[in-house]
Amino acid sequence: LFSQVGAALPVDVLTYEEKTLSAILRVISSGLVKLWSALTLLGFYQNRRCAFRVLQTSPFLLALSGNSRELVL
């Protein structure tokens with residue numbers, strides 16, 4: 001699931017911010033569980049410890065552009 005077959009799952013990095021180490025990834029809805037599982041199981045990358053935190057998911061890209069809790073009218 002997470003080796004050669006998992007590598008066939010198309011994942012797009014739409015944005016990456018090095019200052020905050022955050023990114024927006026795009027994956028088809030049927031691949032969300034596979035991507036989430038792979039990120040959860042990944043503990044080291046290039047001999048460095050790493051961890052991922054999913055802050056938000058949405059079927060609509062526009063919904064990720066802002067935070068309704070910080071909306072000022």
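**Figure 1. Contacts of Val11 in strand E1 of the predicted model.** In this predicted model, Val11 touches Leu25, Arg26, Val27 and Leu35, when residues up to four places away in sequence are not counted. Val11 is found in strand E1, the strand that spans residues 11-17. With a relative accessible area of 33%, Val11 is partly exposed, because that value lies between the limits of 20% for buried and 50% for exposed residues. The view also takes in Leu32, which is 21 residues away from Val11 along the chain, with 9.6 Å between the C-alpha atoms of the two residues.

**Figure 2. Pairing of strands E1 and E2.** Strand E1 (residues 11-17) and strand E2 (residues 22-27) run antiparallel and are joined by 6 bridges. Two positions of E1 may be followed across to E2: Val13 stands opposite Leu25, and Thr15 has Ile24 as its bridge partner. The hairpin formed by E1 and E2 has 4 residues between the strands, and the backbone of this connection is taken up again in the legend to the loops.

**Figure 3. The salt bridge between Arg26 and Asp12.** The structure holds 1 salt bridge, which Arg26 forms with Asp12, the closest N and O atoms being 2.9 Å apart. Because Arg26 lies in strand E2 and Asp12 in strand E1, the pair ties together parts that are 14 residues apart in sequence. Both partners fall in the partly exposed class: Arg26 has a relative accessible area of 44%, and Asp12 has one of 34%. Arg26 is also one of the residues that Val11 touches, which links this view with that of the Val11 contacts.

**Figure 4. Lining of the largest pocket.** The space in the largest pocket amounts to about 1600 Å³. Its lining is made up of 37 residues, of which Ala23, Ile24, Leu25, Leu39 and Arg53 are the closest to the centre of the pocket. The elements that give two or more residues to this lining are E1, E2, helix H2 (32-41) and E4. Sorted by class, the lining has 25 nonpolar, 7 polar and 5 charged residues. Two of the residues closest to the centre also appear in the strand pairing, since Ile24 is the bridge partner of Thr15 and Leu25 stands opposite Val13.

**Figure 5. Positive phi values at Leu21 and Asn47.** Most residues other than glycine have a negative phi. Leu21, in the loop between E1 and E2, has a phi near 55°, a positive value in a residue other than glycine. The relative accessible area of Leu21 is 63%, so this residue counts as exposed, the limit for that class being over 50%. Asn47, found in the loop between strand E3 (44-45) and E4, likewise has a positive phi, with a value near 60°. At 78% relative accessibility, Asn47 also counts as exposed.

**Figure 6. Ala51 after strand E4.** Ala51 has its place in the segment that follows strand E4 (48-49). Its relative accessibility is 71%, and Ala51 therefore counts as exposed. Along the chain Ala51 is 10 residues from Leu41, and the C-alpha atoms of these two residues are separated by 9.0 Å.

**Figure 7. The chain as a setting for the close-up views.** The chain has 2 helices and 4 strands, and from the N terminus on its elements run in the order α-β-β-α-β-β. Of its 73 residues, 5% count as buried. Among contacts between residues at least 6 apart in sequence, 23% join residues that are at least 24 apart.

How values were computed: Residues numbered from 1 in each chain as written. Predicted model: local features only at pLDDT ≥ 70, side-chain atom pairs only at ≥ 80, totals over all residues. Heavy atoms only, no water. Buried < 20%, exposed > 50% of the residue type's maximum accessible area, 1.4 Å probe, protein only. 1 Å grid on protein atoms, 1.4 Å probe; cavity = no way out; pocket = protein on both sides within 12 Å on 5 of 7 lines; lining within 4 Å. Points joined across faces, edges and corners; volume = space filled by probe spheres on them. Nonpolar A, V, L, I, M, F, W, Y, C, P; charged D, E, K, R; others polar. Salt bridge = Lys/Arg side-chain N within 4 Å of Asp/Glu carboxyl O. Contact = heavy atoms within 4.5 Å.
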